[in-house]
Amino acid sequence: EVLETEFRSSKGAQMMNKLESSFAERFDSPFAVSFVNGTCTMHAALEAFGVQPGDEVIVPPLTMSSTSFAVLQANATPIFADVDIDTFQISYESIRDRITENTKAIITVALYGLSPDMDPIMSLAREKGIKVIEDNAECFLGEYKGVIAGTIGDVGSFSFQSSKHLTSGEGGIIVTKDQDLAEKIRKVQSLGYAGVKANKGKITKRDIQHPKYKRHETLGWNYRMPELCCAVALAQLENIDHLVKRRIESADIFSEATREFHEWFIPQKIPHDCLNSYWTWVCKIDRDDISWEEVRDLYIKNGGDGIYAAWMLTYLEPMFSELKLLGREKFISDRNLQSYRLGLCPNAEYLQPRLMQFKTNYWYLDDAKKQADILFKTLSELK
């Protein structure tokens, strides 16, 4: 259908409209705005919040650095809160301790498919007048106390990058229940066009061709998701329940196969009132006599697919230690710049070198079973 339009802008944004309306309905939100990726989603939300240079945004360090990139792209300061030692999620207590008069937003991350403990975070944010973005790039249809993760904060951000539950190669989407906020996000997404609205992503041919038409109501970016990517994401959305179910089933196979080792090969803790959608299945090595490399190498030797490490903590990346922030460092106070070093988030620093991520996107469960058996053999040899 997309190819038949010959990519004519006069044909509108048919797939984008279908994707956004369908995603909004499935994720119990009245508004959804699609994006070219799942990083500019958060940048757009911060711009829509009115975040300015000198403002602070609290983020976890144990995640893909893109979460902090979005803060820097808005000329704001990333403030790193520590994580819970058992769930690996951003800690409410650490968020509370990091809040200052300059805090304008909090970005939580549903790491590995599990929602953080959102109730106390939202209560604190409402008390302080702080906006909340749920970075749900790794969590599709996960639940927190019976509510779909990503629909609790002011906005929820999702990614369609190639490793995610739904993928169109690249892409992203924001959901929100706030119409005014959705309209501001749309204008950031679409070059500040005057004619776009919360549920309208395309200006009309009749308007744009008129010589007196004033297009740009505000500064904006060209963050619109291409029609081909929207078409692929829409097709994936139609199969979302199956795609998520397969990941959960694969994770359950890994968990069951390794049960006798959980005293030291400890899976991510899942609170009883949460549903993990398992972007990956994750364990921490809680022994000092076995190294990460030793487990990885033996697993591969035994026929395993390989193991992913957790990302280097964002504030320990060279971009922070060497202040290669493309000029954004001028917006960050000396006190905050000096905080980007070892000791800032002790739990995250303990966990990062010990976490092992295992794939869950095995569309044939026999493949997951084979890998789980290999992991069992590997852990048995290390015991």
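This report describes selected strands, helices and single residues of a predicted model.

Residues are numbered from 1 along each chain as its sequence is written, and side-chain values use heavy atoms, with hydrogens and water left out. Because the model is predicted, local features need pLDDT of at least 70 and side-chain atom pairs count only at pLDDT 80 or more, while totals for chains, interfaces and linings use all residues.

**Strand S9 and its partners**

Helices (H or I, at least four residues) and strands (E, at least two) are DSSP runs, numbered from the N terminus. Strand S9 covers residues 172–176, and 5 of its 5 residues are buried, so the strand is largely enclosed by the rest of the structure. Buried here means under 20% relative accessible area, exposed means over 50%, and partly exposed lies in between (1.4 Å probe, protein chains only). Gly-172, Ile-174 and Thr-176 point one way from S9, whereas Ile-173 and Val-175 point the other way.

Two strands count as paired if DSSP finds at least two bridges between them. The table lists pairings of S9 and of strand S10.

| Strand pair | Direction | Bridges | Residues standing opposite |
|---|---|---|---|
| S1 (residues 31–35) and S9 | antiparallel | 5 bridges | Ser-34 and Ile-173 |
| S8 (residues 155–159) and S9 | antiparallel | 4 bridges | Ser-159 and Gly-172 |
| S10 and S12 (residues 280–285) | antiparallel | 3 bridges | Pro-267 and Cys-283 |

**The sheet containing S10**

An open sheet is formed by 4 strands in the order S10-S12-S14-S13, with antiparallel pairing. Strand S10 (265–267) and strand S13 (308–309) are its edges, each pairing on one side only.

**Helix H3 and its surroundings**

Helix H3 takes in residues 66–73 and is mostly covered, with 6 of its 8 residues buried. The buried residues are Ser-66, Thr-67, Ser-68, Ala-70, Val-71 and Leu-72. Their cover includes helix H2 (40–49), strand S2 (56–59), strand S3 (77–80), strand S4 (103–109), strand S5 (131–135) and helix H11 (318–321). Just after H3, Asn-75 has a positive phi of about 65°.

Asp-55 sits in the loop between H2 and S2. With a relative accessible area of 10%, Asp-55 is buried. Beyond its neighbours within four places in sequence, Asp-55 is in contact (heavy atoms within 4.5 Å) with Gly-50, Ala-76, Thr-77, Asn-102 and Lys-104.

**Arg-246 in helix H9**

Arg-246 belongs to helix H9 (residues 240–257). Leaving out residues up to four places away in sequence, Arg-246 touches Thr-360, Tyr-362, Trp-363 and Leu-365. With Trp-363 there is also a link to the backbone: the side chain of Arg-246 reaches the backbone oxygen of Trp-363 at 3.0 Å. Arg-246 and Glu-260 are 14 residues apart in sequence, and their C-alpha atoms are 24 Å apart in space.

**A nonpolar surface patch**

Leu-3, Phe-7 and Leu-228 make up a nonpolar patch on the surface, with about 340 Å² of accessible area together. Such areas come from the Shrake-Rupley method with a 1.4 Å probe, and for residues only the protein chains shown count as cover. Patch residues have over 30% relative accessible area and no salt bridge (a side-chain nitrogen of Lys or Arg within 4 Å of a carboxyl oxygen of Asp or Glu). Nonpolar side chains (Val, Leu, Ile, Met, Phe, Trp, Tyr) are joined within 5 Å, and like charges within 9 Å. Phe-7 is found in the segment before helix H1 (14–26), and at 52% relative accessibility Phe-7 counts as exposed.

Conventions:
A polar contact is a pair of N or O atoms within 3.5 Å; within protein, one must be able to donate a hydrogen and the other to accept it, and residues adjacent in sequence count only if both atoms are side-chain atoms.
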